[in-house]
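Colleague: I would like to take a close look at a single part of this model with you, and I am still new to reading structures. Could you go slowly and connect the steps?

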Amino acid sequence: MRLVVQVKLLSTPEQAAALEATLRAANKAADLVSRIAFQRRCFRNFDLRKHTYEQVKAVFGLGAQAAQHVIKKVCDAYRTLHANLAAGNLGAPVSVRRVKAENKPISFRPGAAQPYDDRCLSWQHTDRTVSIWTTAGRLRGIAFTGSARQLALLVKHRKGESDLVWREGMWFLHATVGVPDVPVTVPDGFVGVDLGIANLATTSEGVRHSGKGLNAVRHRHRELRRRLQAKRTKSAKRLLKRRRRKEARFAANINHSIAKQIVTEAERAGRGIALEDLRGIRDRVRLRKPQRVTLHAWSFHQLGAFVAYKAARAGVAVIHVDAAYTSQQCSRCGHVDRSNRPDQETFTCTSCGFAEHADVNAARNIASRGAAGWAVSHAA
């Protein structure tokens, strides 16, 4: 299993200037390569290298490995774009967003991340320093730091490329580590997890993780952004810049905590985890304008991804099931009726009279579908 470890570089001002110049040169080169690829309709790494490799080295002063990584970065960006177009993630063929994406070359921010391999980046774990190639020459002895857990993973399992990242005046390296796979334990039943907005996650065991605190924080940040944007002063813009990503970090921390609790409980009970497949839900759901911000701020995909990777590290089985009618179906008799759920919290079956919290009932339906899906997929 591949994970990403983040370490912070403790660079001097001279080292930071050299890293910044390298990042800017690499992304200017990527812009040029992207324009050539778009004009020639050439998106394969081997073919594009013939048209751009020498030019990138000569014009931008990049080394051989750095030039090849720039070309590969461009090819990967176009591969992602074409995959999104094929999947319909950018809208219908006539939508403004899709037409705009198809009719111009991909551009790269001056501070976009740049990949490095072991030829242009080496790690000295004993001294806790790195040696990295830049356009100003090889920089040696750049100190780095990180959490004890991540540094241990880095020493033991680092494998593959690392990305040089600049963010909010700080320099980071995102290193790929290959952690050995843990055999998946055959589950003795499943824990169903219903994802929502009022309750971020509700398990079939009746545990509810409320979203009240997170939604209050989101509302407070949204109102603060609105007031600061209306002022349009330098101090307001400075405060906006300082506060950006704060809400995202808060939400990610909550999702990590919820995912850890769900996986720990499933591992303790020897069960698997059943999650809803919510892909495309934002396109399917129609809401009033005041509710749209809340829907689009809902980080259900992140929470599901956190549960999946933590479960993989613990050897807990995870299965995704169809989410259709899980909130309207009775978990006791199976009767499906829209009137079974008169409001957000209440579920009362109009057929058998069974009553339960609506999210707990939905989670039990998800658990049942998970067990059925696992039995079918592993019948052989």
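Which helices each supply at least two residues of the positive patch?

Modeller: Before the details, please keep in mind that this is a predicted model. The helices you ask about are helix 7, which covers 234-243, and helix 8, which covers 246-269, and each of them supplies at least two residues of the positive patch. The patch lies on the surface and is formed by Arg220, Arg232, Lys234, Lys237, Arg238, Arg242, Lys246 and Arg249. Of the elements that contribute, helix 7 gives the most, with four residues.

It helps to stay with helix 7 for a moment and to ask how much of it is covered. Among its ten residues the count of buried residues is one, so that helix 7 is hardly covered. Arg238 is a good residue to look at here, since its place is in helix 7 and it also belongs to the positive patch. With a relative accessible area of 52%, Arg238 is exposed, because the cut-off for that word is over 50%. A general point about helices is useful when you turn the view: an α-helix has 3.6 residues a turn, so residues three or four places apart point the same way. Helix 7 is followed by Arg245, whose phi is positive, near 70°.

For the wider setting, the protein has twelve helices and 14 strands, and its C-alpha atoms fill a box of roughly 75 × 50 × 45 Å along the principal axes. Of the 380 residues in the protein, buried residues make up 39%.

The cysteines can be read with the same care. A disulfide needs a pair of cysteine sulfur atoms within 2.5 Å, and by this rule the count comes to zero disulfides. The sulfur of Cys333 is 3.6 Å from the closest cysteine sulfur, which is in Cys349, and this is too far for a bond. For Cys120 the closest cysteine sulfur is in Cys75, at 17 Å, which is again too far for a bond. Their surroundings can be described as well: Cys120 counts as buried at 6% relative accessibility, whereas Cys333 is partly exposed, with a relative accessible area of 39%. Cys352, finally, lies in the loop between strand 13 (346-348) and strand 14 (355-357), and at 40% relative accessibility Cys352 counts as partly exposed. From C-alpha to C-alpha, Cys352 and His69 are 63 Å apart in space, and they are 283 residues apart in sequence.

Methods
Residues are numbered from 1 along each chain as its sequence is written. This is a predicted model: local features need pLDDT of at least 70, side-chain atom pairs count only at pLDDT 80 or more; totals for chains, interfaces and linings use all residues. Side-chain values use heavy atoms; hydrogens and water are left out. Buried means under 20% relative accessible area, exposed over 50%, partly exposed in between (1.4 Å probe, protein chains only). Patches are made of residues with over 30% relative accessible area and no salt bridge: like charges are joined within 9 Å, nonpolar side chains (Val, Leu, Ile, Met, Phe, Trp, Tyr) within 5 Å. Accessible areas come from the Shrake-Rupley method with a 1.4 Å probe; for residues, only the protein chains shown count as cover. A salt bridge is a side-chain nitrogen of Lys or Arg within 4 Å of a carboxyl oxygen of Asp or Glu. Lys and Arg count as positive and Asp and Glu as negative; His and the chain ends are not counted. The place of a charge is taken as NZ of Lys, CZ of Arg, CG of Asp or CD of Glu.
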